[in-house]
Amino acid sequence: LLFGETPTSTLREDAFQSYPWLIRGGEQVFAQETGQYARRTFVGTDTEGRWYVGVVPSESVTLFQLAHLLRALPVQWMHALNLDGGPSTGLVTKSGRQEDRFDSFAPVSFVIVAKRRL
């Protein structure tokens, strides 16, 4: 799942801290295979300044594989950052009445909420 939107606030200054960088300055920077597989979530921006939050919903991948998956998408990435990986990783998005839910494999609360500022 992937969604993007033109930024209207300073969300990047307020909410995100994680590691490692997958793509930085338009270049893939995670360049070695670790062999550590997990469900992954990420946050990123494209060259137009749109924000994206995504999850690999149904399979486990390494960070190296995630970086390659992102490069294969029709997005001109400026930056992409790994958020989380493992059985506690999940994502819920809601737009109007539409809700997409990818529950974690382990029962945990969702801890990041991103809302548009009015």
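R101 is partly exposed, with 46% of relative accessible area. This value, like the others here, comes from a predicted model.

**Salt bridges**

R101 pairs with E99 in a salt bridge, with 3.6 Å from N to O. E99 is partly exposed too, at 40% relative accessibility. The structure holds two salt bridges. The other salt bridge joins R50 to D46. Here the closest N and O atoms lie 2.8 Å apart. R50 counts as partly exposed, at 31% relative accessibility. What about D46: buried or exposed? D46 is buried, because its relative accessible area is 4% and the cut-off for buried is under 20%.

The table sets out the two pairs.

| Salt bridge | N to O distance |
|---|---|
| R50 and D46 | 2.8 Å |
| E99 and R101 | 3.6 Å |

**The nonpolar cores**

In soluble globular proteins, nonpolar side chains tend to be buried together. The largest nonpolar core in this model has 14 residues. Which members touch the most other members? They are L22, I23, F42, L66, L70, W77 and A80. Three elements give two or more residues each to this core: β2 (21-24), α2 (63-72) and β6 (77-85). Helix α2 supplies the largest share, four residues.

Take A80 as an example. Leaving out residues up to four places away in sequence, A80 touches W21, L22, I23, V43, G44 and L70. Of these contacts, V43 belongs to a second, separate core. That second core has six residues, and W51, V53 and L81 are also among them.

**T41 and its surroundings**

T41 sits in strand β4, which covers residues 40-46. Is T41 buried or exposed? T41 is buried, because its relative accessible area is 6% and buried means under 20%. Which residues does T41 touch, not counting those up to four places away in sequence? The list is G54, V55, L81, N82, L83, D84, T89 and G90. One of these contacts, L81, is a member of the second core.

**V108 and T89**

T89, one of the residues that T41 touches, also has a measure of its distance to V108. In sequence, V108 and T89 are 19 residues apart. In space, their C-alpha atoms are 8.7 Å apart. V108 lies in the segment after β8 (98-102). At 41% relative accessibility, V108 is partly exposed.

Definitions and conventions
Residues numbered from 1 in each chain as written. Predicted model: local features only at pLDDT ≥ 70, side-chain atom pairs only at ≥ 80, totals over all residues. Heavy atoms only, no water. Buried < 20%, exposed > 50% of the residue type's maximum accessible area, 1.4 Å probe, protein only. Contact = heavy atoms within 4.5 Å. Salt bridge = Lys/Arg side-chain N within 4 Å of Asp/Glu carboxyl O. Core = buried A, V, L, I, M, F, W, Y, C linked by side-chain atoms within 4.5 Å.
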